[in-house]
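Okay, let's get going. I'd like to walk you through one model today, so have a look at it while I talk.

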Amino acid sequence: MNTPWNVKAKARLKELGRTQAWLARAVNASEPAVSLWLKGVHNPNLMKIKRIAELLELSFAELVEEDEMVAVMEVAGQQLDDRDLVVDDEHVGDPGRHGR
(Lines give C-alpha, C1' and ligand atoms only; values in the text may rest on other atoms or scores of the structure.)
Protein backbone atom coordinates (compact mmCIF):
# COMPACT_ATOMS: atom_id res chain seq x y z
CA MET A 1 0.00 0.00 0.00
CA ASN A 2 1.26 3.46 -0.90
CA THR A 3 1.78 6.20 1.63
CA PRO A 4 -0.62 9.17 1.17
CA TRP A 5 0.94 12.50 0.23
CA ASN A 6 -0.08 14.13 3.52
CA VAL A 7 1.68 11.47 5.60
CA LYS A 8 4.84 11.88 3.51
CA ALA A 9 4.64 15.66 3.88
CA LYS A 10 4.30 15.47 7.69
CA ALA A 11 7.26 13.11 7.94
CA ARG A 12 9.36 15.28 5.63
CA LEU A 13 8.55 18.42 7.64
CA LYS A 14 9.86 16.64 10.72
CA GLU A 15 12.99 15.44 8.89
CA LEU A 16 13.74 19.01 7.80
CA GLY A 17 13.03 20.42 11.26
CA ARG A 18 10.22 22.59 9.89
CA THR A 19 6.81 23.32 11.34
CA GLN A 20 3.29 23.50 9.99
CA ALA A 21 3.41 27.24 10.73
CA TRP A 22 6.47 27.57 8.49
CA LEU A 23 4.71 25.64 5.72
CA ALA A 24 1.56 27.76 6.08
CA ARG A 25 3.57 30.97 5.65
CA ALA A 26 5.51 29.52 2.72
CA VAL A 27 2.37 28.55 0.78
CA ASN A 28 0.32 31.57 1.86
CA ALA A 29 -2.29 29.52 3.71
CA SER A 30 -3.66 29.55 7.24
CA GLU A 31 -2.20 27.24 9.86
CA PRO A 32 -5.60 25.55 10.40
CA ALA A 33 -5.83 24.84 6.64
CA VAL A 34 -2.37 23.28 6.58
CA SER A 35 -3.24 21.22 9.65
CA LEU A 36 -6.33 19.85 7.88
CA TRP A 37 -4.28 19.06 4.76
CA LEU A 38 -1.65 17.20 6.75
CA LYS A 39 -4.34 15.26 8.63
CA GLY A 40 -5.85 14.22 5.29
CA VAL A 41 -9.18 15.92 6.00
CA HIS A 42 -8.90 18.28 3.01
CA ASN A 43 -6.55 18.65 0.06
CA PRO A 44 -5.13 21.88 -1.30
CA ASN A 45 -5.21 22.54 -5.04
CA LEU A 46 -2.57 20.87 -7.18
CA MET A 47 -0.43 23.97 -7.53
CA LYS A 48 -0.18 24.22 -3.73
CA ILE A 49 0.73 20.54 -3.51
CA LYS A 50 3.42 21.12 -6.13
CA ARG A 51 4.73 24.07 -4.09
CA ILE A 52 4.68 21.95 -0.92
CA ALA A 53 6.76 19.31 -2.71
CA GLU A 54 9.30 21.96 -3.73
CA LEU A 55 9.50 23.36 -0.20
CA LEU A 56 10.01 19.87 1.18
CA GLU A 57 12.74 19.22 -1.40
CA LEU A 58 10.76 16.45 -3.09
CA SER A 59 9.56 16.03 -6.65
CA PHE A 60 5.81 16.13 -7.18
CA ALA A 61 5.93 12.44 -8.16
CA GLU A 62 7.76 11.57 -4.92
CA LEU A 63 5.08 13.31 -2.87
CA VAL A 64 1.94 12.28 -4.78
CA GLU A 65 1.99 8.81 -6.23
CA GLU A 66 0.31 8.20 -9.56
CA ASP A 67 -2.55 6.12 -8.15
CA GLU A 68 -3.30 8.87 -5.62
CA MET A 69 -3.50 11.66 -8.22
CA VAL A 70 -7.16 11.12 -9.17
CA ALA A 71 -8.30 11.04 -5.54
CA VAL A 72 -6.31 14.19 -4.68
CA MET A 73 -7.86 16.07 -7.59
CA GLU A 74 -11.40 14.93 -6.82
CA VAL A 75 -11.13 15.83 -3.14
CA ALA A 76 -9.67 19.22 -4.11
CA GLY A 77 -12.79 19.71 -6.25
CA GLN A 78 -10.91 20.10 -9.50
CA GLN A 79 -12.09 19.07 -12.92
CA LEU A 80 -10.36 15.98 -14.24
CA ASP A 81 -9.45 15.21 -17.80
CA ASP A 82 -6.82 13.03 -19.48
CA ARG A 83 -4.21 15.81 -19.45
CA ASP A 84 -4.34 15.86 -15.63
CA LEU A 85 -3.26 12.25 -15.46
CA VAL A 86 0.23 13.13 -16.67
CA VAL A 87 2.36 12.89 -13.53
CA ASP A 88 5.70 14.64 -13.77
CA ASP A 89 7.30 17.73 -12.35
CA GLU A 90 6.50 19.85 -15.39
CA HIS A 91 2.77 19.14 -15.60
CA VAL A 92 0.40 18.87 -12.68
CA GLY A 93 -2.60 20.33 -14.43
CA ASP A 94 -2.99 23.88 -15.60
CA PRO A 95 -5.27 25.71 -13.17
CA GLY A 96 -6.06 28.30 -15.86
CA ARG A 97 -7.52 25.59 -18.03
CA HIS A 98 -10.35 25.15 -15.51
CA GLY A 99 -11.05 28.83 -14.99
CA ARG A 100 -9.08 29.07 -11.73
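I'll start with the overall picture, then go to two helices and the salt bridges.

Ground rules: this is a predicted model, so local features need pLDDT of at least 70 and side-chain atom pairs count only at pLDDT 80 or more, while totals for chains, interfaces and linings use all residues. Residues are numbered from 1 along each chain as its sequence is written, and side-chain values use heavy atoms, with hydrogens and water left out.

The protein chain has six helices and zero strands; helices here are DSSP runs of H or I with at least four residues, strands are E runs of at least two, and both are numbered from the N terminus. Of its 100 residues, 36% count as buried, meaning under 20% relative accessible area, with exposed over 50% and partly exposed in between (1.4 Å probe, protein chains only).

Now helix α1, residues 5–16. At 1.5 Å a residue, its 12 residues should span 16 Å, and the end C-alpha atoms are indeed 16 Å apart; the expected span is 1.5 Å times one less than the number of residues. Its buried residues are Trp5, Asn6, Lys8, Ala9, Arg12 and Leu13. Down the axis of α1 they fall within an arc of 155°, so they line one face of the helix; that arc uses the directions from the helix axis to the C-beta atoms. The face turned away carries exposed Lys14 and Glu15. Just after α1, Gly17 has a positive phi of about 70°.

Next, salt bridges: a side-chain nitrogen of Lys or Arg within 4 Å of a carboxyl oxygen of Asp or Glu. The structure holds five of them. One joins Glu65 and Lys8, 2.8 Å from N to O. Glu65 sits in the loop between α5 and α6 and Lys8 in α1, so the pair ties together parts 57 residues apart in sequence. And Lys8 is buried, at 17% relative accessible area.

Arg12 also pairs with Glu57, closest N and O atoms 3.6 Å apart. That one links α1 to the loop between α4 and α5, 45 residues apart. So which partner is buried and which is exposed? Arg12 is buried at 17%, whereas Glu57 is exposed at 58%.

Last, α4, residues 46–55. Glu54 and Lys50 form a salt bridge at 3.6 Å, N to O, and both lie in α4, four residues apart, about one turn. Glu54 is partly exposed at 43% relative accessibility, while Lys50 is among the buried residues of α4.
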